[in-house]
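Biologist: I'm new to this one, so could you walk me through it, a question at a time?
Modeller: Sure, let's bring it up and start with a pair of helices.

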Amino acid sequence: MRNRARAVLFTTAALLSAMLAWAWQNRPPAAESVQTAAATVQDIYNSVTFSGTVEAADATALCPQTNAVVAAVHTAVGETVEQGEVLCTLAPAADGGAAQAVQAAWESLQETQGQTVTADDDAVLRAPVSGTVLSLPEIGETVAAGLPCLRIADLGRLRVRAQAPELYAGSLESGQRANVTASAAGETVYGARLDRVSPVAVRAVSLTGQSGEATVEALLSLSGDTGGLRPGYSATVKVFTDFHPDAVVVPHEAVCQRGEQEYVFCVQDGIAVQCAVTTGYMLETVTEIVDGVSAGAAVILSPPDTLTDGTPVEVTA
Amino acid sequence: MRMVDLLRLAAGNLRENPLRTALCALSVAVGAGALLLIAAIGLFGQTQLQAALRTIGVSGLTVYLDGHGSGNPLSAELADTLAQAVSGIDTVMPIKAKTGSVRAGHASENAVFLGADERLGEVMQLEVLAGSLLSARQADSAQPVAVIGDELALALYGRVNITGRTILLHLDGRDQYFTVCGVVRAQTSALGGALSSFAPHLVYLPYSCLATPQQNADQVFVQCSAQSDLDTVSGQIQKYLTERGKVDGTVRVQNMTGMVDTAGRMASLCVLLFLAVGAVTLIVALIGVLCSMLAAAHEKTAEIGILLAIGAQPRDVRRLFLLQSALLCTAGAVCGLALSGGLLYAAASLVPDWRIAAALLVLSVCCGAAAGLLPAVRAARLDPIDAMRN
């Protein structure tokens, strides 16, 4: 009788232990503690920044009719002149002025491009347009026929000639807005518009033969009050190349990667939902989500590697 | 006499003078505890150092040119001929280094770019955390791919796995986009938190992105076969490059494996040195036990005489005092080891190896028995009549 009771007790205990073990094995997973943030919406501007030089938008260069020597100068650099005003008086050049002609040619190559006109008179140089004198030959200087010797520009209209690295050239288009700053002009930001992007890239080569980065020339017209700028100033150009209004963004820590696919874990009814996402721009603290998560979704920050789709989660503060 | 009776007597003797017993046990506890602390911390440090040296990943030989002369550059082409020309070499890989910066989004970090090829995994022990190392096709065709460290990945993207993501490299005055093909454990993490923040990030690029096969390589990593003698191979490399290669400058060969082994040996030596210092503490404690046992034997002279008179053997007296000193040291060692173990766990979450603790316990007991040997022998040699008269 006693043995039978012992057997029954032992069997019952064994059964209970087996059931407890089975229940322990199949217990639901404990909720994982996670921190969340909300997917928000914000406007995203993408920009590229490169350097350039301020120049007058309407610059006119004047070339003498024949080789001559400057006999007299009737104005000065920086003075405003009217169209037709006599600027210089010329005298016929002596023979053998080849060296001076080469020098004049070299100097003219240093000038930035602009409109070039030839003087009507071979004895005087008259202002072809009204404006401010930017450069003048000196008395006794030889000026060569066909090569610019003085420049006049309207300083009321300035533009920026910039060199964009080839890497960014593909994202530049005419009509894009830009901000221009110049260290000489303080912290003033000038509005600009990209007028033209050169169809060719140019690679600068130094005198030692080392080649630099290939660049594409971009012309930007300045708008608004440009009183603080002068032709020749170095400028920093920030061109806004892209604009995404109402873009969905999440904190950087919310984006994880399994293999080569990026994911964001959202919390829905206490369950982690794995969402495959396509990311866009990376801002300072947030990443743009192009596709996969909608605004307002609660996203898990720094999801652990063990977190899987469907895992119960507990949101902590 | 039975062992049980001897144990009871020994325990009773210890209880008779609790202050002396406690002080002796305390000195043994300090000695044993100090040894455990030194052994545990020393071995932990040694393990960490070896793991850190492994993390750096460089082993074998590194070859570079020192100074300038009039000769050929140590080019990748010349380096590739080393493996055939010098016996004992398994793999050779030229390395070209340039500095620049890496940018992704708004994050930017300075980096050192190392030109490598598909042999990178053979000459450096890199732990790949995501993606893969450079392949032969990527290296030969100068594909814009990069292998970066996990710390750089965290700095740029906030996570380790960024394979397939694009980073902007500023290199040679130009900006170029590269795709991350692999992420490895950062080798500069071996330097520790503060120093690793100063060390630059290493980015591995295809060699042809940084230099042509004819241009001078900054270093050549050489991995030798296990059975080759590194010093012999070093000499052969120097001879080959100087005489056959006619390289520009003095050829220097550095034994990285030897340096790592030397660092490991020095770490072991330091641990042994500290253990020796700890052992002095235990010896001092055992001298205290010896003095205590001598005093106890002197106090018990009359009792020893009575024991001998009623039939106890001299060996019983010897065993009595040996047991007494062994019990004393056991109690002290157990307390000291427990206290040190608790301290290690509380302060550094370190759990000392149970084998070290067991060995120290046995050592303490044996040394305690040895310390009690002289008093035991002296007590056993007493004449019963003289002892009782005393």
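Modeller: Here α12(B) passes α14(B) in a crossing that is right-handed. Keep in mind as we go that this is a predicted model.

Biologist: Are α12(B) and α14(B) roughly parallel or roughly antiparallel to each other?
Modeller: Helix α12 covers residues 314-348 of chain B and helix α14 covers residues 373-380 of chain B; their axes are 8 Å apart, at an angle of about 150 degrees. Angles over 145 degrees count as roughly antiparallel. So the answer for α12(B) and α14(B) is roughly antiparallel.

Biologist: How many charged residues are in the contact of α12(B) with α14(B)?
Modeller: From α12(B) come B:Pro314, B:Arg315, B:Val317, B:Arg318, B:Phe321 and B:Leu322, while α14(B) brings B:Leu373, B:Pro375, B:Ala376, B:Val377, B:Ala379 and B:Ala380. Sorted by class, that contact has 10 nonpolar residues, no polar ones, and a charged count of two.

Biologist: What about α10(B) and α13(B): which word describes how they lie to each other?
Modeller: The axes of helix α10 (residues 256-299) of chain B and helix α13 (residues 354-371) of chain B come within 9 Å and cross at roughly 40 degrees. Roughly parallel would need an angle under 35 degrees. That is why α10(B) and α13(B) count as oblique.

Biologist: Which residues of α13(B) make the contact with α10(B)?
Modeller: This crossing is right-handed. By class, the residues in the contact are seven nonpolar and one polar, with no charged ones. On the α10(B) side you'll find B:Leu282, B:Leu286, B:Val289, B:Leu290 and B:Met293, and on the α13(B) side B:Cys367, B:Gly368 and B:Ala371.

Biologist: Over to chain A. Over how many bridges do β2 and β14 pair?
Modeller: Strand β2 is residues 40-63 and strand β14 is residues 234-251, both of chain A. As an example of a matched position, A:Gln42 stands opposite A:Ala247 in β14(A). The two strands pair in the antiparallel sense, and the number of bridges is 13.

Biologist: And which residue in β19(A) stands opposite A:Val249?
Modeller: β14(A) also pairs with strand β11 (residues 177-181) of chain A, antiparallel over four bridges; there A:Val180 has A:Val237 of β14(A) as its bridge partner. With strand β19 (residues 286-291) of chain A, β14(A) again makes an antiparallel pairing over four bridges. Opposite A:Val249 in β19(A) is A:Glu288.

Biologist: Which strands are the edges of the open sheet that contains β5 and β3 of chain A?
Modeller: That sheet has four strands in the order β7-β5-β3-β9 (chain A), with antiparallel pairing. Inside it, β3 (residues 68-73) and β5 (residues 86-92) of chain A share five bridges, and A:Val70 is partnered with A:Leu90 in β5(A). An edge strand pairs on one side only, and in chain A those are β7 (124-126) and β9 (142-143).

Biologist: Where do the chains meet: which elements of chain A give two or more residues to the side that touches chain B?
Modeller: In this contact, 12 residues of chain A face 13 residues of chain B. The elements giving two or more residues to chain A's side are β13 (211-222) and β15 (255-258) of chain A.

Biologist: Last one: which element of chain B has the lowest mean pLDDT?
Modeller: Chain B has a mean pLDDT of 85, and 94% of its residues reach 70 or more. Among its elements, strand β5 (residues 145-149) has the highest mean, 95, and the lowest, 54, belongs to helix α7 (residues 193-198) of chain B.

Methods:
Residues numbered from 1 in each chain as written. Chains lettered and ligands numbered in written order. Predicted model: local features only at pLDDT ≥ 70, side-chain atom pairs only at ≥ 80, totals over all residues. Pairing = 2+ DSSP bridges. Contact = placed C-beta atoms within 7 Å. Axes fitted to C-alpha atoms, helices over the stretch in contact; angles between N-to-C directions. Parallel < 35°, antiparallel > 145°, perpendicular 65-115°, else oblique. Left-handed = near helix turned anticlockwise from the far one by under 90°. Nonpolar A, V, L, I, M, F, W, Y, C, P; charged D, E, K, R; others polar. pLDDT = per-residue confidence, 0-100.
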